[in-house]
Amino acid sequence: MKLHVLIFILLVKLSSVTLAQTITLTAPPNGNNQKSSVTQWIGLASVTITYHGPDVHGPNGEDRKGHIWGELVHYGLKDPDGFGTSLASPWRAGSNEITTVSVSNDVKINGKDLKAGTYGLFLMLDKDKPWTWIFSKNSTSWGSYYYTADEDVLRVEATPEVCAYTEWLTFGFDDRQALSANAYLQWENKKISFKIETPNGMQLYVDKMRSELTGYAGFNPANWLTDARFCLSNNINLEEALKWTDISMNSERFNGQKNFSALQTKASILNALHRDAEAETVMTEAMTMDPSVADIHQYGRALLAAGKNEKALEIFKLNRTRHKDDTFTTYVGLARGYTAVGNKKEAIKNWEIALKNVPENQKANTAAFEAELAKLKG
């Protein structure tokens, strides 16, 4: 056999051995600690925690209750069983692979800034002090065997609390608000959390709306007005919202319609911008458009919310003058208006009239109306 043929056969055999040594087969995770992932949306921002959750009773069924914290899960930093390169590692906040947390947008963790991205999540325990959550830029290594503090991006302290017994280590989210939520780890009898906030959460909505208005949604004039009202109710992006109200009334390019509702929204935005004279002009025009009882009433309520109590009372009186056939809403408006300016006698009188004429669609609110009257009398 020629030499070059022998060399070829030898190389093939060597490569086969190397390949066989590197190929791994899919198998259940160590200790059957199954992989989990939990995602929470905070407005338009998402937070995902991926982890392996061991159980208190261990892979062979041994009962480890009372031996989790400070024993199985060590205090401080330690050499992780002599593997990897780290000589001083925190807990990997789970088992097997590294626990990770991914945030789609910039957030604050316990008040500290964290950029959008994916991070390794560790937890350093202390017997007598708050524990420390550690966010590391290393999100791909195995467990904490290659941990180094040089890769820490953020550390925040948190105090563990006693909780109901939990067999499997579990991550979750609670106290879910519009712009914040608490992420927590719960296992055996301990729960430890960190707060996530999206301080620019409302701006994310505005940016999304702006993008959508340049698409198909923008051909519907009602969408421009809806988004303008969102900005008004959240006191954000008011100058652009003012332009959006004008677009919603543009009949030539957007088939919009100038009506009381759109003009009132524009006036309210002008008031929020402290351009009261312009707002007054807009509302003068709006009042010529034969607004309904509900339209005028809501305008009065908006004035009350803005602290313009005397002006609100004028509007409620106008509503009563224009709609003498209404025996409920107009009197409720007067009751609220007189209450706002401190005239209890007139407020009580108008509440009593309104309560004698509660329509069917307002029956569910009767108790609330009666409570307001009782408060005035009290």
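This passage describes confidence, one helix pair and three individual residues in a predicted model.

The structure is a predicted model, in which local features require pLDDT of at least 70 and side-chain atom pairs count only at pLDDT 80 or more, while totals for chains, interfaces and linings use all residues. Residues are numbered from 1 along each chain as its sequence is written, and side-chain values use heavy atoms, with hydrogens and water left out.

The protein chain has an average pLDDT (the predictor's confidence in each residue, from 0 to 100) of 92, and 93% of the residues score at least 70. Residues 5-12 have pLDDT below 50, and this stretch makes two contacts (heavy atoms within 4.5 Å) beyond near neighbours in sequence. For residues 14-20 the pLDDT is also below 50, with zero contacts beyond near neighbours in sequence. Where pLDDT is low, the predicted coordinates should not be read in detail.

Turning to the helix pair, secondary structure elements are DSSP runs numbered from the N terminus, with helices (H or I) of at least four residues and strands (E) of at least two. The axes of α4 and α5 come within 10 Å and cross at roughly 165°; axes are lines fitted to C-alpha atoms, for helices over the stretch in contact, and angles run from 0 to 180 degrees between N-to-C directions. This angle makes α4 roughly antiparallel to α5, a term used for angles over 145 degrees. The contact involves Leu 238, Ala 241, Leu 242, Thr 245, Asp 246 and Ser 248 of α4, together with Ala 262, Thr 265, Lys 266, Ile 269, Leu 270 and Ala 272 of α5.

The loop between α4 (238-248) and α5 (260-272) holds Gly 256. Gly 256 counts as buried (under 20% relative accessible area, 1.4 Å probe, protein chains only) because its relative accessibility is 11%. Apart from neighbours within four places in sequence, Gly 256 contacts Pro 221, Ser 248, Met 249, Asn 250 and Ser 251. A C-alpha separation of 9.5 Å is found between Gly 256 and Phe 219, which are 37 residues apart along the chain.

Another loop residue, Thr 198, sits between β10 (180-197) and α2 (201-213). Thr 198 is buried, its relative accessible area being 1%. Its contacts, leaving aside neighbours within four places in sequence, are with Ile 42, Ala 45, Val 107 and Leu 179.

Ala 367, by contrast, belongs to helix α11 (residues 366-377) and counts as exposed (over 50%) because its relative accessibility is 54%. The C-alpha atoms of Ala 367 and Lys 35 are 51 Å apart, with their positions 332 residues apart along the chain.

Conventions. Parallel < 35°, antiparallel > 145°, perpendicular 65-115°, else oblique.
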